[in-house]
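Let's walk through this model together, one spot at a time. Have the sequence and the coordinates open as you read.

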Amino acid sequence: MSGTKPYCIEKQVVYEAYLMVKRNKGSYGVDEISIQEFDKDWQNNLYRIWNRMSSGSYFPMAVKRVEIPKGDGKMRPLGIPTVSDRIAQTVVKMYIEPRLEKIFSKSSYGYRPNRSALDAVRKAKDNCFKYSFVVDIDIKGFFDNIDHDLLMKAVSKHVSEKWILLYIERWLKAPVQKPNGEIEANTKGTPQGGVISPLLANLFLHYVMDVWLEKNHPGVPFERYADDAVLHCWSESHAKKVLAELDERFRACKLELNLDKTKLVYCKNKQRKGSYKEVSFSFLGYDFKPRACRGKSGTKEIWFLPAIGKKAKKRFTQKLRNLNISRNTLRSIEDLAKLLNPIMRGIINYFGAYYRSELSNLYSQLNLKLKKWALRKYKKRSIMRWLRHLYLTQRDLFVHWKYCKPTYFFG
């Protein structure tokens, strides 16, 4: 390590950051250099990143903006940094994430080590049992509207290294290349898609919301996953008071709640029998609402529970359409299993945690696609006996078959 460098950055950290970026794969940025292309001369490329970061001469390239569809039919803008910039951001993340983890709230779950979306769903379920009302908040364009000065003020509370502060500020101000190639200045926000963005976003909301709630409303538990959050209150009047104050708080921090989507929800169950306009909300792909389930005595009871949401079901249906399984007759049944099992395994592992019976419709959709595939491939009705035999004798061929009821699906 040269003693002439103004900033001391370990070469090993740069190498480890490179390995992380390589594992995560991802698209190329504005320079159109993919991770595979970067690999061809990785040693010189890594030395260049280290040398520039250590000397203060590192400047990020523009962020490539791409748009991906959201569940509501709208488009979500993502900002894709170059591979080199992703490595540099990972270096900074490796330096500062451990110290920020020590101050983050236990109620924050998004993009944090050893915490998951299911942890947040589980805690939300428990709190809906204890509290009568939920404040389901929606922040208008959160990632696009973070104030740079306020964010740097928060970063400076926990970071003293000049080079980290310097590069975080440069990343925040890096211009954006729009899909049409036009370069646009960036005066606020931190792009979704950047390695450092989730950590910075968590830090910003830590002070805007988490610390503020714990100080001003210590009796209000909440679950936050990035900018998706729900709060729990004892009563409607309590919920309205918290929401009004939270709205003021966000405005003071140059953010805005989307009051058209933010709502108060009554957690109706067998003990809370009042009527209310809103008795359901969505959180992390789950729909929370009153659902019938069997109590200890075997009788049906109504409890406020999560299950796979309508939007998640719709995305699954669309994915099946896009795969065009029934026309994929060149594939064998084993090939289809290899294609479909990772998808179904992910759905079952995540959405099967609560009210798994809601997944039965997804199983039926997939079985119907398999039936159409078999009929189109073999062109005879008797093939259904073969498919039924597979289902009865090789239940592990398709992941979802293990969870289907042992009835005749394919007749």
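C267 is buried, with a relative accessible area of 0%; buried here means under 20% relative accessible area, exposed over 50%, and partly exposed in between, using a 1.4 Å probe and protein chains only. This is a predicted model, where local features need pLDDT of at least 70 and side-chain atom pairs count only at pLDDT 80 or more, while totals for chains, interfaces and linings use all residues. Residues are numbered from 1 along each chain as its sequence is written, and side-chain values use heavy atoms, with hydrogens and water left out.

What about disulfides? A disulfide is a covalent bond between the sulfur atoms of two cysteines. Here the working rule is a pair of cysteine sulfur atoms within 2.5 Å, and the count by that rule is 0. C267 is in no disulfide, with the nearest cysteine sulfur, that of C128, sitting 4.0 Å away. C253 is in no disulfide either: its nearest cysteine sulfur belongs to C233 and is 19 Å away. C253 is also buried, at a relative accessible area of 9%.

Now step back to the whole chain. You'll find 14 helices and 11 strands in it, taken as DSSP runs (H or I of at least four residues for helices, E of at least two for strands) and numbered from the N terminus. Along its principal axes, the C-alpha trace spans about 75 × 60 × 35 Å. Of the 411 residues, 45% count as buried. The accessible surface comes to about 21300 Å², and carbon and sulfur atoms hold 50% of that; the areas come from the Shrake-Rupley method with a 1.4 Å probe, and for residues only the protein chains shown count as cover. Taking contacts with a separation of 6 or more, 68% are between residues 24 or more positions apart, where contact means heavy atoms within 4.5 Å.

Next, the helix packing. Two packed helices are described by the angle between their axes and the distance between the axes. The axes are lines fitted to C-alpha atoms, for helices over the stretch in contact, and the angles run from 0 to 180 degrees between N-to-C directions. Start with helix 11 (residues 310–323) and helix 13 (residues 360–378), which pack at an angle of about 10° with their axes 11 Å apart. That makes the two roughly parallel, given that angles under 35 degrees count as roughly parallel, over 145 as roughly antiparallel, 65 to 115 as roughly perpendicular and the rest as oblique. On the helix 11 side the contact uses K313, F316, T317 and L320, and helix 13 brings L362, Q365, L366 and K369. By class, the residues of this contact are 4 nonpolar, 2 polar and 2 charged; Ala, Val, Leu, Ile, Met, Phe, Trp, Tyr, Cys and Pro count as nonpolar, Asp, Glu, Lys and Arg as charged, and the others, Gly among them, as polar.

How do helix 11 and helix 12 cross? Their axes come within 12 Å and cross at roughly 175°, so these two are roughly antiparallel. Helix 11 offers A312, F316, K319, L320 and L323, which meet L339, L340, I343, M344, I347 and F351 of helix 12. This contact has 10 nonpolar, no polar and 1 charged residues.

Follow the chain out of helix 12 (333–351) and you reach Y355, in the loop that leads to helix 13. Y355 isn't a glycine, yet it has a positive phi of about 50°. It is partly exposed, with a relative accessible area of 25%. K25 is another non-glycine residue with a positive phi, in this case near 60°. Look for K25 in the loop between helix 1 (11–24) and helix 2 (35–39), where it is exposed at 60% relative accessible area.

Two more stops. K270 is in the loop between strand 8 (263–266) and strand 9 (281–283), and it is partly exposed at 33%. Setting aside neighbours within four places in sequence, K270 is in contact with E301, I302 and W303. The C-alpha atoms of K270 and L366 are separated by 35 Å, with their positions 96 residues apart along the chain.

Finally, M152 lies in helix 7 (residues 148–156) and is buried, with a relative accessible area of 12%. Not counting residues up to four places away in sequence, M152 touches L165, I168, E169 and L172. M152 and L165 are 13 residues apart along the chain, and their C-alpha atoms are separated by 7.7 Å.
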